[in-house]
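Let's take a walk through this structure together, going from empty spaces to backbone geometry and then to a pair of side chains. Have your viewer ready.

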Amino acid sequence: MATQVAIIAQDGQQEQLRQIVQAHQSVLCRYPLIAPEATAQEIARTTTLAPQALLALHRGGITQIAARVAQQEVVAVLYLADPETLGQQSELQTLQRLCVLYDVPLGLNPSTIAAILDQLRRSRVAHLIFNPVSGQSDAVADLKLIQSVLGSAMTLHVHKTSPDTHPAELVQAAIASQADLVIAAGGDGTVSAVAGALMGSQIPLGIIPRGTANAFAAALGITGGFMQLRNACRIIVEGKTAVVDVARCNGQPMILLAGIGLEAEVVERANREAKDRWGALAYIMEGIRQFNAQELFETEIEIEGVVKQFNAGAVTIANAAPPTSVMAQGGGTVNATDGLLDITVAAPQSDLEALGAMVNLVGAALLRTPTSREDIINLQTRRVKVTTSPPQKVVVDGEMLGTTPIEVECIPQGLAVLVPQSMQMDPEQEADDHSIL
């Protein structure tokens with residue numbers, strides 16, 4: 001995948017090099033730079049850029065760049081040559097032939113270099129955060145498809161997550177390089193981590209769902225699966241942007257929901273074998289099984305200084321949630337653009353009531369209407385504090401956070417995200433009068 005910009009300056013061209021690089025530093029910082037040794041040193045000395053230093057010119061630096069052009073790693077070559085010796089350089093002739101063969105722009109004077117840099121300025125630069133261990137599909141085939149679709153529409157920098165590299169670190173580097181958009185390819189954990197690092201940056205998030213549940217993508221109308229990867233990429237290429245709410249739970253970013261009690265137990269107990277076999281249904285099946293066995297716990301919910309107490313089996317605080325996130329459906333739907341958190345408190349007193357409550361929540365999600373049961377309570381607010389006795393496990397966006405107490409705050413319009421053209425976002429709503437309790 002071509003992402004690198006090669007810069008070459010012959011002896012006597014250092015002043016012109018400084019002028020061009022300093023004038024276009026905001027463009028060049030968006031791309032990995034490569035340069036022969038002396039050129040790289042001069043750029044690093046006079047700017048904040050840090051090109052990869054190749055061999056010196058007289059030791060094969062141009063040949064190295066030509067090889068990278070042939071390997072389709074270079075998006076443009078900027079060559080400040082000595083006009084007196086321009087036609088006498090066999091290495092330059094080889095580089096020119098390869099640039100023609102692989103359709104790589106080659107600038108040989110300030111005017112053509114300026115034109116190339118202007119084109120790069122107008123090109124979209126995307127950073128793909130790819131989790132190779134997400135989901136059940138072939139990661140190599142998935143990445144190849146993503147690169148083939150997106151690579152023709154934008155400059156795509158690919159970063160793979162690893163146990164030693166957190167997605168948030170990769171996002172911070174993308175923000176520092178002035179990326180036009182950041183794309184998360186993985187499950188809800190990966191998407192949540194990337195979105196959390198993008199909160200407030202105004203850089204749009206693209207989502208390629210490759211996990212088990214893909215709840216955030218589903219809430220935005222982006223479907224997952226290998227056959228749907230191309231569709232997810234098409235949504236990103238089309239570039240329709242919506243602004244949605246996000247939240248913080250105990251200071252940690254949250255795009256989906258925080259689950260207390262049942263939700264946490266379900267996530268922890270839904271084993272990999274079940275998820276590989278049943279996908280998102282594994283969570284629902286485990287939820288039904290766990291709901292019957294869940295013991296009630298004392299719950300104290302504080303909203304705007306008002307405290308209410310319940311005996312609950314589950315508390316779910318949602319910013320966004322698809323219908324498959326059953327425990328968030330007390331209100332029948334979760335609106336990710338209304339500036340409010342949706343709180344569902346489930347308090348069944350028996351196994352039969354627990355089964356009835358679960359069925360009622362599924363029906364509420366399908367019909368998009370609030371539940372009518374007295375043992376399911378639905379609240380809305382911008383911020384909430386939940387305390388339980390005894391302390392309960394807490395899961396945030398599919399990852400275990402710890403135990404209660406927790407404080408959750410909605411951040412209205414905190415994240416720009418790329419969505420399907422057909423998606424109709426709800427109009428902006430004022431939430432001042434919607435806090436219940």
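How many cavities of 30 Å³ or more does the structure hold? This is a predicted model, and the structure holds 1 such cavity. Rolling a probe the size of a water molecule over the atoms shows where empty space is left. In the largest cavity, that space comes to about 40 Å³. Its lining is made of Ile7, Leu17, Ile20, Val21, Leu78, Leu80 and Ile113. By class, those 7 residues are nonpolar, with no polar and no charged residues in the lining. Two elements, α1 (14-23) and β4, each give at least two residues to this lining. The largest share comes from α1, which supplies 3 residues.

Next, have a look at an open space. The second largest pocket holds about 490 Å³. Its lining counts 22 residues, and Ala2, Val74, Val75, Asp103 and Gly151 are the ones that lie nearest the centre of the pocket. Three elements give two or more residues to this lining: β4 (74-80), α6 (110-122) and β7 (155-160). Strand β4 therefore turns up in both places, since it gives two or more residues to the lining of the pocket and at least two to the lining of the largest cavity. The classes in the pocket lining are 14 nonpolar, 6 polar and 2 charged residues.

Let's step back for the overall picture. The chain has 437 residues, and 51% of them are buried. Its secondary structure amounts to 15 helices and 21 strands. Among contacts with a separation of 6 or more, 73% are between residues 24 or more positions apart. The chain exposes about 19600 Å², and carbon and sulfur atoms supply 50% of that area.

Now for the backbone. Asp103, which we met at the pocket, is not a glycine, yet its phi is positive, at about 55°. You will find Asp103 in the loop between α5 (90-101) and β5 (106-107). Is Asp103 buried or exposed? Its relative accessible area is 68%, so Asp103 is exposed. Gln202 is another residue other than glycine with a positive phi, near 70°. Look for Gln202 in the loop between α9 (188-198) and β9 (205-209). Because its relative accessibility is 75%, Gln202 counts as exposed.

Two peptide bonds also deserve a stop. The bond that joins Ser389 and Pro390 is cis, with omega at about -5°. Pro390 sits in the loop between β18 (383-389) and β19 (393-396). A cis bond also runs from Thr404 to Pro405, where omega is near 10°. The loop that holds Pro405 is between β20 (399-403) and β21 (406-418).

The last part of the walk concerns two aspartates. Asp188 lies in helix α9, and its relative accessibility of 14% is why Asp188 counts as buried. In space, the C-alpha atoms of Asp188 and Pro209 are 8.0 Å apart, while in sequence these residues are 21 residues apart. Beyond its neighbours within four places in sequence, Asp188 is in contact with Ala213, Asn214, Ala215, Phe216, Leu256 and Asp397. To see how the side chain of Asp188 is placed, turn to Phe216: its backbone nitrogen lies 3.2 Å from a polar atom of that side chain.

The second aspartate, Asp397, is found in the loop between β19 and β20. With a relative accessible area of 3%, Asp397 is buried. Which residues does Asp397 touch, not counting those up to four places away in sequence? They are Asp188, Gly189, Ser192, Pro253, Met254, Ile255, Leu256 and Leu257. One of these, Pro253, is 144 residues from Asp397 in sequence, and their C-alpha atoms are 9.1 Å apart in space.

Where does the side chain of Asp397 make a polar contact with another side chain? Its partner is the side chain of Ser192, at 2.5 Å. The side chain of Asp397 also reaches the backbone nitrogen of Ile255, at 2.9 Å. To close the walk, centre your view on Asp397, and you will have Asp188 and Leu256 among the residues that Asp397 touches; Leu256 is also one of the contacts of Asp188.

Key:
Residues numbered from 1 in each chain as written. Predicted model: local features only at pLDDT ≥ 70, side-chain atom pairs only at ≥ 80, totals over all residues. Heavy atoms only, no water. Helix = DSSP H or I, 4+ residues; strand = E, 2+ residues; numbered from the N terminus. Buried < 20%, exposed > 50% of the residue type's maximum accessible area, 1.4 Å probe, protein only. Contact = heavy atoms within 4.5 Å. Areas by Shrake-Rupley, 256 points an atom, 1.4 Å probe, with all protein chains shown as cover. 1 Å grid on protein atoms, 1.4 Å probe; cavity = no way out; pocket = protein on both sides within 12 Å on 5 of 7 lines; lining within 4 Å. Points joined across faces, edges and corners; volume = space filled by probe spheres on them. Nonpolar A, V, L, I, M, F, W, Y, C, P; charged D, E, K, R; others polar. Polar contact = N/O pair within 3.5 Å; in protein donor to acceptor, adjacent residues only side chain to side chain.
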